[in-house]
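Q: Could you take me on a close look at a single part of this model? I'd like one connected account, starting from one residue and working outwards.

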Amino acid sequence: MTPTTRRVTRDPRRLAHRFVRLATDRATVAVFAALAAVWAVGFVGVVPREIWVVDYPALVAAFFFDTLAANEFGVRETAVFYPALAVFGYLQAMVFVAAGRVLRTRLVGVGERRESGKRVESGERK
């Protein structure tokens with residue numbers, strides 16, 4: 001890898017563009033909707049609240065910031081919780097989608113390799 005290509009991969013504009021593209025991707029919105037549905041069915045009581053285990057990172061962050069706002073700044077309880085839950089839930093959905101993409105590209109398939117956008121078995125030739 002040349003110094004020029006290393007510099008290009010660290011370009012903040014490129015990183016910001018990737019972040020925006022990930023944030024506005026349909027897969028991110030779908031995962032966020034699924035996480036919100038899991039939280040809602042656990043909250044209403046349709047399924048046990050143990051289903052919230054997939055929402056724990058967002059719930060922990062929302063509880064933390066709600067407690068911080070109430071204790072340090074005198075903000076009314078739960079005034080910060082639901083907006084923080086939405087923000088951190090969306091960030092969690094972005095992390096899920098990004099991790100899925102990384103795993104999909106890293107683990108194309110055992111014994112397979114990518115050639116010109118098509119999957120080819122390792123023993124085959126075009």
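In which helix is the place of V41?

A: Happy to. Keep in mind that this is a predicted model. V41 sits in helix α3, which covers residues 26-44.

From V41 we can move to its surroundings on the surface. Together with F43, V44, V46, I51 and Y82, V41 forms a nonpolar surface patch whose accessible area adds up to about 560 Å². Helix α3 gives the largest share of this patch, with three residues.

Next comes the loop between α2 (12-23) and α3, where D25 is found. D25 makes a salt bridge with R101, and their closest N and O atoms lie 1.8 Å apart. A search of the whole structure finds one salt bridge. The pair links distant parts of the chain, 76 residues apart, as R101 belongs to helix α5.

Helix α5 (residues 81-106) also meets helix α4 (residues 56-73): the two axes come within 8 Å and cross at roughly 145°. The crossing of α4 and α5 is right-handed. On the α4 side, the contact is made by P57, A58, L59, A61, A62, F63, F65 and D66, and on the α5 side by F81, A84, L85, F88, G89 and Q92. Sorted by class, this contact of α4 with α5 has eleven nonpolar residues, two polar and one charged.

Key: Residues are numbered from 1 along each chain as its sequence is written. This is a predicted model: local features need pLDDT of at least 70, side-chain atom pairs count only at pLDDT 80 or more; totals for chains, interfaces and linings use all residues. Side-chain values use heavy atoms; hydrogens and water are left out. Axes are lines fitted to C-alpha atoms, for helices over the stretch in contact, and angles run from 0 to 180 degrees between N-to-C directions. Helices (H or I, at least four residues) and strands (E, at least two) are DSSP runs, numbered from the N terminus. A crossing is left-handed if the near helix is turned anticlockwise from the far one by less than a right angle, and right-handed if clockwise. Contact means heavy atoms within 4.5 Å. Ala, Val, Leu, Ile, Met, Phe, Trp, Tyr, Cys and Pro count as nonpolar, Asp, Glu, Lys and Arg as charged, and the others, Gly among them, as polar. Patches are made of residues with over 30% relative accessible area and no salt bridge: like charges are joined within 9 Å, nonpolar side chains (Val, Leu, Ile, Met, Phe, Trp, Tyr) within 5 Å. Accessible areas come from the Shrake-Rupley method with a 1.4 Å probe; for residues, only the protein chains shown count as cover. A salt bridge is a side-chain nitrogen of Lys or Arg within 4 Å of a carboxyl oxygen of Asp or Glu.
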